[in-house]
Structures are given as C-alpha cells and as structure tokens.
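Q: I'm new to this one. Could you take me through the largest pocket up close, and tell me what lines it?

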Amino acid sequence: MADLDPALATPTDLNRNDTKTAGDALNIALADCYALYLKTKNFHWHVSGPHFRDYHLMLDDQATQILGVTDAIAERVRKTGNTTLRSIGDIARRQQIVDNDKDFVAPADMLAELREDNLKLVEALRDARERAEAAKDTATSSLADDWIDQAEERAWFLFEASRQS
C-alpha cells in the first residue's frame, strides 16, 4: 500500500504498522474474491450439459455469496486505517486466483477449478486472519472466520456436485 493520505486517515486504536500488514493481506483476499466472483459468473453463464440447471443455479448462488463479502472486507481495511482496492488493475496486481479465459470448459473441470480456487481463497483469508490477530484486531479475525467457513462450504458443495455416482 502507498503512504496513506491524511484525508483518509481513519481513527483507530490499533497499531498502524500491524494493521498495514493485515490490510495488505485483506486486500489480497479481496482481489481473490473479485477474481473468483467473475470466474464463478463466467462458468455460470457458460455451463452446459445434463446438469446445466443444477450447476447454473449453484454457481449463481455461490457468486452472489462471494460478491456479498467484498464490501465487508474492504470496509474492514478502511476501518483499520488503511486503503483498499481502487481498480481492475489493482485487483489484477494482487490476485492469486488465476483467470480462465478459455472458450470452452467442461462442467466437471469448472467445478474442480472453482473448488481449488475457493480453497486458495481460504488460504488467503487465513493469512489475513492471522495477521489481524497479530495486530490485536479481533473484529477482523472474527469476521474472517465466517468468510473462511463460507469458502469452505462452497468448496465442499463443488466437491460433492462433481462426484461420480
């Protein structure tokens, strides 16, 4: 993160150096949320085959859930006195989840890729939670527990939906 403009200096009792590290980790997780959201919507729009309806609806539900946490993550970054993402370019520089621009992806490959991406998001969120705990930022740590649980649940659903009967 760049040096904070004094006009954006949010009052906090937390140590700014510690929260900067946590804020950096949260911004990586946030970038991954946006990358995962768009990939999930891409697969939602392009899924095909005999399980189309089930996968189409599940992926739409998952995309909605992912997008739903983005504001909370960004607001935690700001509440701790840091700045957050500003652009698609900012997301691209920070994201760890790899985009998928293929013309066609088989439904089973979609589910497997999204499962792994949700598990990558869990790793990013755990890192942010650990850094928040080190900064004595219990609010971020507590919220991260819910975000981790949601990502683990999405990975589980994707795993179960991809099992062969």
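**A look at the largest pocket**

A: Let's start with the chain around it. In this predicted model, among contacts between residues at least 6 apart in sequence, 81% join residues at least 24 apart. The chain has 5 helices and 0 strands, so its pattern along the sequence reads α-α-α-α-α, going by how helices and strands are assigned. Of its 165 residues, 44% are buried. The accessible surface comes to about 9,100 Å², and carbon and sulfur atoms hold 51% of that.

Now for the pocket itself. Rolling a probe the size of a water molecule over the atoms shows where empty space is left. Here, the largest pocket has a volume of about 270 Å³, and 13 residues line it. If you want to find its centre, look for Tyr34, Ala35, Leu38, Gln95 and Asp99, the lining residues that lie nearest to that point. Two elements give two or more residues to the lining: α1 (16-46) and α3 (88-94). The bigger giver is α1, which supplies the most, with 6 residues. As for the character of the lining, you'll find 7 nonpolar residues, 3 polar ones and 3 charged ones.

While you have the structure open, here's one more thing to look up. A search of the whole structure turns up 1 aromatic pair. That pair is Trp156 with Phe157, set edge-to-face, at 5.3 Å centre to centre and with 85° between the planes. Trp156 is partly exposed, with a relative accessible area of 48%, and Phe157 is partly exposed too, at 41%.

Note on methods
Residues are numbered from 1 along each chain as its sequence is written. This is a predicted model: local features need pLDDT of at least 70, side-chain atom pairs count only at pLDDT 80 or more; totals for chains, interfaces and linings use all residues. Side-chain values use heavy atoms; hydrogens and water are left out. On a 1 Å grid over the protein atoms alone, a cavity is a set of points where a 1.4 Å probe fits but cannot get out, and a pocket is an open set with protein on both sides within 12 Å along at least five of seven lines; lining residues have an atom within 4 Å of a point. Grid points are joined across faces, edges and corners, and a volume is the space filled by probe spheres set on the points. Helices (H or I, at least four residues) and strands (E, at least two) are DSSP runs, numbered from the N terminus. Ala, Val, Leu, Ile, Met, Phe, Trp, Tyr, Cys and Pro count as nonpolar, Asp, Glu, Lys and Arg as charged, and the others, Gly among them, as polar. Rings of Phe, Tyr and Trp (its six-membered ring) pair if their centres lie within 6.5 Å; planes under 30 degrees apart count as stacked, over 60 as edge-to-face and the rest as tilted. Buried means under 20% relative accessible area, exposed over 50%, partly exposed in between (1.4 Å probe, protein chains only). Contact means heavy atoms within 4.5 Å. Accessible areas come from the Shrake-Rupley method with a 1.4 Å probe; for residues, only the protein chains shown count as cover.
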